[in-house]
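Colleague: Could you take a close look at one part of this model for me, namely the enclosed space inside the protein and what surrounds it? I would also like to know how that part fits into the rest of the fold.

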Amino acid sequence: MKGSIQAAKDTYPITLILHDRSMEYRFKGLPLMIYVEINPEASFVAYRNRSNEPWQPITGINRTKHILNTDISYEDLSLDFIRWDKIKPLGTDSIKTLSCWAFDAYPGSSPSAYSKVRYWIAEDYYALIRAEAFNSANQLIKRLDINSVQRIGDAYVIKEMQVATIPPGKTLSSSKTYIQIEEGKPISPKDTENLDSDNYEKYSQAGVATEMESIEKK
């Protein structure tokens with residue numbers, strides 16, 4: 001899929017590859033690739049600068065760091081809060097005219113920039129619609145909204161996702177970042193090898209490096 005990540009000051013064209021529970025973001029014109037695998041037990045996120053390099057896992061406090069100059073952190077991208085150990089059902093609610101189940105999730109011992117995340121799952125689609133993150137003073141500091149979806153092949157995927165940073169104690173955002181998917185098509189795993197005139201390897205954790213390098217150099 002082709003699209004962009006639009007921050008307040010910069011727009012980053014991307015190619016996004018989806019396969020089963022994995023996502024790979026390739027940033028056009030930048031030496032950065034991000035891999036996310038969302039599993040029931042735990043999410044996995046890694047980066048590399050070039051396609052011929054091994055994946056470097058992003059772990060611990062590094063997951064709270066923001067990607068480039070956007071409002072999106074690595075833990076936002078991997079939806080860590082859905083797998084936190086302590087999750088409290090809040091009942092039903094309505095978001096964007098959709099009936100939803102609401103939950104509060106708490107990180108426990110997991111490294112996180114948030115003390116709580118409240119999120120909403122659409123009853124009809126079993127899909128995340130909104131998430132709001134709070135600091136230790138129970139102040140809203142981040143909001144994630146799925147604004148629209150689209151069908152590509154047999155799958156429904158995000159068309160636009162918005163991530164807003166909200167100053168503690170305020171109601172309006174100070175900045176917003178959008179992930180927008182403009183076009184896409186189903187392709188075979190073999191076809192991804194020639195995507196963007198680069199060599200794609202099989203997307204799996206088997207080739208991920210075990211040594212963590214600093215992500216500050218990006």
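Modeller: The largest cavity has a lining of 14 residues, and those that lie nearest its centre are Asp76, Phe81, Tyr114, Ala131 and Ala133. Please keep in mind that this is a predicted model, and that what follows was computed from its atoms.

Taking the space itself, the structure holds one cavity of 30 Å³ or more, and the space in the largest cavity comes to about 110 Å³. As for the character of the wall, eight of the lining residues are nonpolar and six are charged, while no polar residue takes part. Asp76, for one, is among the residues nearest the centre, and aspartate belongs to the charged class, whereas Phe, Tyr and Ala are counted as nonpolar.

Which elements supply at least two residues each to this lining? They are helix H1, which spans 74-77, strand E10, which spans 127-134, and strand E11, which spans 140-152.

To place these elements in the whole, the protein has one helix and 13 strands, and, read from the N terminus, its elements follow the order β-β-β-β-β-β-α-β-β-β-β-β-β-β. Of the contacts between residues at least 6 apart in sequence, 40% join residues that are at least 24 apart. Across the 218 residues, 46% count as buried, and the protein exposes about 11900 Å², of which carbon and sulfur atoms supply 50%.

If we follow the chain towards the helix that contributes to the lining, the loop between strand E6 (56-57) and H1 contains leucine 68. This leucine 68 is not a glycine, yet its phi is positive, at about 50 degrees. Is its side of the loop buried or exposed, in terms of leucine 68 itself? Leucine 68 is partly exposed, since its relative accessible area is 34%, and the class of partly exposed residues lies between the 20% and 50% cut-offs.

A further residue with a positive phi sits in the loop between strand E7 (86-95) and strand E8 (98-106), and this is threonine 97. The phi of threonine 97 is near 70 degrees, again in a residue other than glycine. Threonine 97 is exposed, because its relative accessible area of 77% is over the 50% that the term requires.

Conventions: Residues numbered from 1 in each chain as written. Predicted model: local features only at pLDDT ≥ 70, side-chain atom pairs only at ≥ 80, totals over all residues. Heavy atoms only, no water. 1 Å grid on protein atoms, 1.4 Å probe; cavity = no way out; pocket = protein on both sides within 12 Å on 5 of 7 lines; lining within 4 Å. Points joined across faces, edges and corners; volume = space filled by probe spheres on them. Helix = DSSP H or I, 4+ residues; strand = E, 2+ residues; numbered from the N terminus. Buried < 20%, exposed > 50% of the residue type's maximum accessible area, 1.4 Å probe, protein only. Contact = heavy atoms within 4.5 Å. Areas by Shrake-Rupley, 256 points an atom, 1.4 Å probe, with all protein chains shown as cover.
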